[in-house]
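Here is a short briefing on one protein chain. Keep the sequence and the 3D view open while you read.

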Amino acid sequence: GKSMPSAANKDNRDNTNINNNTNKDTNNTGNTSKILQDLKTKVTARLGMRCIVKYIASPFEDLANASYTLLRNIATHTWGLEAIAHTAGLLESLLDRENGAGSAKNAYEWRFAVLQALSVTIKLHKISDRYIDGSTQERIAEFVKQGPHYKEPAAPQVKIATDTR
């Protein structure tokens, strides 16, 4: 009949599998780095950022959500911080609570997630001072502190007495 594999043979097979998995992980890391480098190159070409900004405002929720997801992930990299900072009007739009943040139902949460990721990147990397000025960094931190649905308190209205003769 068939002989059972010995414990020593099993151990050798396990070690071979571990070595094969390690090689796969190394290859995946290399592939991931290449993918990120390609993404960086395409996004920082400005055309990519303009497309992302355009699709954020899309009436199609899945397209807007995908764009916000990409933007949030870009915001976690220093090169992404630079790309966001150099995309005309993007930071101002993200920080403007009155602009509606796009038409997707959860656009306010997505905008908050992007600014939260950007805030973490700013805190982790001193290089961010090159791309985003101190007052804008403070506005981002304040936005994150206030949360996605913060509304400015309404100014008190004063009623003026009128002569009703």
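**Helix α6 and its surroundings**

The buried residues of α6 pack against four helices: α3 (61-74), α4 (78-85), α5 (90-95) and α7 (134-146). The model is predicted. The points below cover the fold, helix α6, the core, one tyrosine and the largest pocket.

**Overall fold**

- The protein chain has seven helices and zero strands.
- Its pattern along the sequence reads α-α-α-α-α-α-α.
- Of the 165 residues in the protein chain, 28% are buried.
- Take the contacts with a separation of 6 or more: 65% of them join residues 24 or more positions apart.

**Helix α6**

- Helix α6 covers residues 107-124, which makes 18 residues.
- Does its length fit, or what span should a helix of 18 residues have at 1.5 Å a residue? The expected span is 26 Å, and the end C-alpha atoms are 26 Å apart, so the two agree.
- Buried positions in α6 start with A107, W110, R111, F112, A113, V114 and L115.
- The others buried in α6 are A117, L118, S119, T121 and I122.
- An α-helix has 3.6 residues a turn, so residues three or four places apart point the same way.

**Nonpolar core**

- The largest nonpolar core holds 28 residues.
- Which residues have the most contacts inside this core? They are M49, L71, I84, L115, L118 and I140.
- Helices α2 (47-56), α3, α4, α5, α6 and α7 each give two or more residues to this core.
- The biggest contribution to this core comes from α6, with nine residues.
- L115 and L118, listed among the core residues with the most contacts, are also among the buried residues of α6.

**Y68 in helix α3**

- Y68 sits in helix α3.
- Is Y68 buried or exposed? Its relative accessibility is 2%, and buried means under 20%, so Y68 counts as buried.
- Y68 and A57 are 11 residues apart in sequence. Their C-alpha atoms are 9.8 Å apart in space.

**Largest pocket**

- The largest pocket has a volume of about 160 Å³.
- Its lining includes L95, R97, E98, R139 and E142.
- F143, Q146, Y150, K151 and E152 also line this pocket.
- Which helix gives the most to the lining? It is α7, with four residues.
- By type, the lining residues divide into six charged, three nonpolar and one polar.

Conventions
Residues numbered from 1 in each chain as written. Predicted model: local features only at pLDDT ≥ 70, side-chain atom pairs only at ≥ 80, totals over all residues. Heavy atoms only, no water. Expected span 1.5 Å × (residues − 1). Buried < 20%, exposed > 50% of the residue type's maximum accessible area, 1.4 Å probe, protein only. Contact = heavy atoms within 4.5 Å. 1 Å grid on protein atoms, 1.4 Å probe; cavity = no way out; pocket = protein on both sides within 12 Å on 5 of 7 lines; lining within 4 Å. Points joined across faces, edges and corners; volume = space filled by probe spheres on them. Nonpolar A, V, L, I, M, F, W, Y, C, P; charged D, E, K, R; others polar. Core = buried A, V, L, I, M, F, W, Y, C linked by side-chain atoms within 4.5 Å.
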